[in-house]
Amino acid sequence: MRILKILFISIISLFLIAFLYLINSTFVVNKIFEYVSKEVPIKYSKLEGTLYSGISIKDLNYEDSLIIKDFYIKPELLSLLVQEIYIKDLKIDGITLDNKLFETSQNQDENNSINLPFKLIIKNLEASIYNYSYEDYKIEELFLKSKNITSDLNSYLSGDFEIKAKSNIANLTATINLDKNNYSLKSNIDFNKEFIDKNIIENLTTTSFNLEANGNLEKINFQINTDNLNLKLNKPLNLKNIQASGIYDFETFNLDINSLNAILDYDFINSNINATMSLKNNDINSLTFSSNLDSLIKKDIYKDLQKDLIVKSQLSGNLKEINFTNSLETTDFKLLDETIKIESLNLDGTSKIDNNNINILADLNLKSNILKQKSKIELKLNSSKLEEFLIKAKTTISEISYKNIKPNSIGNVNIDTTYSKKQLNLNLQSKLANLTVSSKNLKKYLFDLDIKQINPNEFYKLDEKIKISNLKGKISGDYENELNLKGNLVLNNSFNINTNFKTQKDQFEGNIFSKTFKTDFSIKDEKTSIKAQIKELKNFENELQKILDFPRLNLAGLVDLKAQIDNLGVSFELNSPKISFEKESIQKIDIKGNYKNNLIGFNTLDFYISNIYGINLDKNFALKNETTLSIDNFYGSFDFDNILISTSKGNEDFNIKVDTKDLFLSYDNYGKANLTSNILVSINPSNKVTINGDIRTNKLFVNYETPTISISRDKDIIIIHKNKNKKEKDIFFEDIALQLSIFADNLTYKIKNIDLKASSVLALKKEFNEDLKTFGSIQDAKGTFSELGKTYTIKDSNIYFRGLEPIDPLLDIHATNTINDIDITIIISGSLNEPRINLSSTPVMSQKDILSYLIFGTSFSSDSQTNTQSRQSQASLFLLNELSKDYAKELGIDILYFQYVPTTQYIETYVGKNISKKSKIVLKNKSTGGELILMRELTKLWNIEVGFEEDTQSIDLIYKKRY
């Protein structure tokens with residue numbers, strides 16, 4: 001027994017020694033690999049190690065299709081006893097692959113199916129691959145780490161794997177957990193920009209993608225997300241927060257994307273995308289999809305939008321038919337100061353795809369507060385012949401109501417559009433006008449607009465001053481590299497306007513003309529030239545009066561205008577030989593200037609005035625220096641030799657300052673003078689005028705002879721109103737305020753019976769809605785005054801104005817006369833309304849005798865009774881006429897007047913009474929008998945007098961012009 005035990009131990013020991021020798025012998029390893037290299041075409045440069053310590057192979061080469069720089073394996077041999085291949089460490093570094101390896105492996109897989117009764121266990125695995133290329137794809141490096149790999153070498157594989165790869169496609173990091181047929185994956189993919197630009201789309205950049213997947217050999221659930229995807233177009237397109245999740249079935253090859261979400265940003269557009277997609281049996285033709293887009297278009301896209309636009313869109317279908325709907329939520333915006341409210345806007349349709357043929361049918365419906373629009377659009381195209389697409393559109397616009405357009409007055413506007421093979425036809429029809437646009441080659445276009453005979457007031461509320469009741473016209477033209485248009489417009493069947501427009505290379509020119517004016521213009525290189533001529537202002541005004549209601553200017557004359565408009569501003573010239581207004585005129589008008597930055601510059605401002613409103617100037621006005629006028633504050637200064645006109649705007653008032661120096665003025669039948677003045681005229685926003693300043697005259701000569709002191713008391717003047725119920729506005733009383741100082745150092749007043757010299761200082765003051773007040777005096781008056789055949793010497797006389805209403809100056813008048821060696825002195829004092837007359841003489845006489853001498857040249861002390869009566873009568877006549885106005889008021893009559901007739905030596909008496917505002921009756925006592933006169937106003941300038949003679953029984957009809 002003991003021998004058997006020793007023998008068994010010896011055998012076991014021998015076996016162990018042999019086993020230990022085998023696993024620690026390099027010789028055994030070398031022999032094994034020598035045998036393997038003969039059976040399998042492998043080569044290597046160096047072999048080291050043992051089965052126990054591990055085997056290391058350098059430069060392992062399999063038919064040049066698989067090269068491993070360093071190969072290390074450490075197996076556990078005892079595991080083979082339990083049918084396990086246990087590898088503690090497996091390191092494969094520097095793998096180089098050739099594509100024919102995969103071809104050989106594929107053929108062997110198809111021909112061989114080996115079932116091994118072993119279980120494979122790899123405790124640690126490390127592998128690396130460098131510079132592997134397949135076509136245009138290149139793996140620069142790939143690292144694989146794994147732990148606890150188990151497999152039955154037939155049906156399952158388990159383990160934990162870490163992968164890091166760098167290639168020209170992307171950089172990849174991934175962790176994979178395999179549990180037999182179940183697995184989970186987490187990875188990060190960072191795509192290479194050069195690869196995307198070359199193989200997918202240019203200018204696309206993206207952040208890394210995260211991929212997570214869970215599944216088995218039958219199905220896989222996956223999720224993909226990335227933070228940002230950017231595409232550089234003319235403006236960047238960004239897709240943010242991209243997330244997709246779905247299921248892929250390996251048995252049926254079905255792909256279902258349950259959710260695809262992203263946020264799209266492009267310029268002013270922001271969209272939330274939510275989509276689903278399904279693909280059956282890996283067949284692209286089975287693709288179906290559905291997507292919802294909620295888009296926000298920022299109001300900044302159009303400055304007059306009141307709020308952001310919100311558009312909801314839906315797309316669904318497959319590769320043969322796609323249905324789409326788009327709707328815009330209610331919004332509003334400003335257009336030409338008018339609020340446009342979009343109540344609804346929908347675009348719905350279907351796109352059908354048959355191989356290369358695509359047919360799109362769509363309906364566009366718009367409803368707003370200004371119109372309704374319905375359009376049916378058809379688009380046909382072939383993807384292989386895109387240039388031969390066909391588009392048809394039928395549009396109806398109704399319920400048009402915009403600004404001054406009367407609601408529903410225009411009716412329906414129908415537009416038919418067809419385009420096919422470079423042929424375009426557009427036809428617009430409405431009850432107002434018809435328009436056609438056509439082209440056979442998209443190079444030459446023909447236009448034809450026919451405006452029907454219409455009354456614009458039926459559909460449009462024109463300005464009250466526009467009186468167009470009839471309008472018709474035609475505009476036709478063509479465009480082929482150059483535009484040519486010709487038009488004719490007739491307003492109110494009488495005002496005819498013609499137009500011609502054309503382009504030549506980079507220049508656009510044309511003209512607008514009628515029988516009263518002509519305008520030529522041209523535009524080139526952002527420079528516009530205008531040349532206009534009004535043949536006769538009076539006829540031009542008559543033409544405009546046919547279509548516009550405006551106060552007549554009654555101007556006459558010819559006007560030529562030239563203008564140049566460019567980026568720097570406007571330059572202009574205006575010339576006219578003569579412009580007349582009623583009986584007044586300005587001649588030799590020559591104006592040259594420019595406009596830039598709200599400044600009007602005048603280089604030349606010349607004109608000639610001979611006589612204006614009776615004032616004789618006979619002066620050539622020529623601007624001494626170039627000047628400017630500001631549009632913002634109306635500041636300007638115009639120097640015409642001895643006239644300086646300055647303008648400005650302070651606060652809200654417009655100011656005009658006029659300075660003159662020795663300006664000669666004359667007025668026929670009134671007088672003449674040299675004028676030096678400083679006057680400021682201010683006009684406020686209510687058109688109320690304030691005049692301040694001073695006026696100084698030199699050599700003032702006055703020869704005006706007024707028929708009466710007060711025009712309202714002149715028996716030959718009747719002031720009337722056309723409409724007694726209409727209250728005429730007194731502009732001077734209500735809207736003018738004055739504060740003027742008037743100085744006249746050398747004043748001469750001379751008419752047929754008066755010759756005086758004096759000086760004066762006057763101040764005129766007036767507030768709005770108040771009467772004029774006069775202050776100051778006329779001083780040192782001297783000269784002569786003739787009345788009733790007598791000439792009086794005036795000296796040391798003054799008149800003082802006190803600002804009373806009505807004017808009632810104080811009198812200080814000294815007059816002398818010598819008759820038959822008698823020196824008579826007359827002193828008039830008091831006021832104009834209450835004068836006091838004091839008569840004195842040398843030698844001293846009574847007041848009655850002095851008055852007798854003044855009137856008759858003798859005293860009342862004569863013995864002749866007849867002569868005395870005659871003289872007394874004439875004295876009474878003189879006194880009564882002076883006091884007749886006051887007597888008339890006391891007697892309750894309107895006219896009382898006495899007149900001495902030398903031929904009959906008879907004193908005629910006039911007594912009259914107003915019977916209406918336009919009529920009066922006068923009783924005249926003449927030497928030949930009585931006469932009854934009826935006076936009646938005919939026009940503003942003429943009266944009629946009908947007289948009935950007492951003895952002749954006749955009627956006299958007399959026209960008498962008023963003054």
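**Exercise 1. Charged patches**

Which residues form a positive surface patch? Find them in this predicted model, then do the same for a negative patch and place one member of each.

*Solution.* Start with the lysines: K123, K145, K147 and K164 make up a positive surface patch. Now pick K164, which sits in strand β8, residues 157-167. Its relative accessible area is 53%, and since exposed means over 50%, K164 counts as exposed.

Next, go for the acidic side. E767, E770, D771 and E805 form a negative surface patch. Take D771 from that group: you'll find D771 in the loop between β48 (754-766) and β49 (773-787). With a relative accessible area of 40%, D771 is partly exposed.

**Exercise 2. A valine and its surroundings**

Is V413 buried or exposed, and which residues is V413 in contact with once its neighbours within four places in sequence are left aside?

*Solution.* First, locate the residue: V413 belongs to strand β25, which covers residues 413-420. Second, check the accessibility. V413 comes out at 11%, and the cut-off for buried is under 20%, so V413 is buried.

Third, list the contacts. Leaving those sequence neighbours out, V413 touches T395, T396, I397 and I400, along with L428, Q429 and S430. Finally, take I400 as a distance check: V413 and I400 are 13 residues apart in sequence, and their C-alpha atoms are 9.2 Å apart in space.

**Exercise 3. Salt bridges**

How many salt bridges does the structure hold? Work through three of them, giving the N to O distance for each.

*Solution.* The count is 15 salt bridges. Let's take three.

- K312 pairs with D294, with the closest N and O atoms 3.5 Å apart. This pair links distant parts of the chain: K312 is in strand β18 (residues 309-318) and D294 in strand β17 (residues 288-297), 18 residues apart. K312 has 39% relative accessibility, so it counts as partly exposed; D294, at 39%, is partly exposed too.
- K367 pairs with E343, and here the closest N and O atoms are 3.9 Å apart. Again, distant parts of the chain are linked, with K367 in strand β22 (residues 357-368), E343 in strand β21 (residues 338-354), and 24 residues separating them. K367 is partly exposed at 36%, and E343 is partly exposed at 33%.
- K502 and E509 meet through their side chains at 3.7 Å, N to O. K502 is partly exposed, given its relative accessibility of 33%.

**Exercise 4. Backbone oddities**

Find two cis peptide bonds and two non-glycine residues with positive phi, and say where they lie.

*Solution.* Keep the background in mind: most residues other than glycine have a negative phi, and most peptide bonds are trans.

Begin with omega. The bond from E805 to P806 is cis, with omega near -10 degrees, and P806 is in the loop between β50 (790-802) and β51 (810-819). E805 has already turned up as a member of the negative patch. The bond from T842 to P843 is cis as well, with omega near 0 degrees; P843 lies in the loop between β53 (835-842) and α7 (847-856).

Then turn to phi. D59 has a phi near 50 degrees and lies in strand β3, residues 54-62. Its relative accessible area is 41%, so D59 is partly exposed. N769 has a positive phi of about 60 degrees and sits in the loop between β48 and β49. N769 is partly exposed, at 42%.

Technical notes
Residues numbered from 1 in each chain as written. Predicted model: local features only at pLDDT ≥ 70, side-chain atom pairs only at ≥ 80, totals over all residues. Heavy atoms only, no water. Helix = DSSP H or I, 4+ residues; strand = E, 2+ residues; numbered from the N terminus. Buried < 20%, exposed > 50% of the residue type's maximum accessible area, 1.4 Å probe, protein only. Contact = heavy atoms within 4.5 Å. Patch = residues over 30% accessible without salt bridge, like charges linked within 9 Å, V, L, I, M, F, W, Y side chains within 5 Å. Areas by Shrake-Rupley, 256 points an atom, 1.4 Å probe, with all protein chains shown as cover. Salt bridge = Lys/Arg side-chain N within 4 Å of Asp/Glu carboxyl O. Lys, Arg positive; Asp, Glu negative; His and termini not counted. Charge placed at Lys NZ, Arg CZ, Asp CG, Glu CD.
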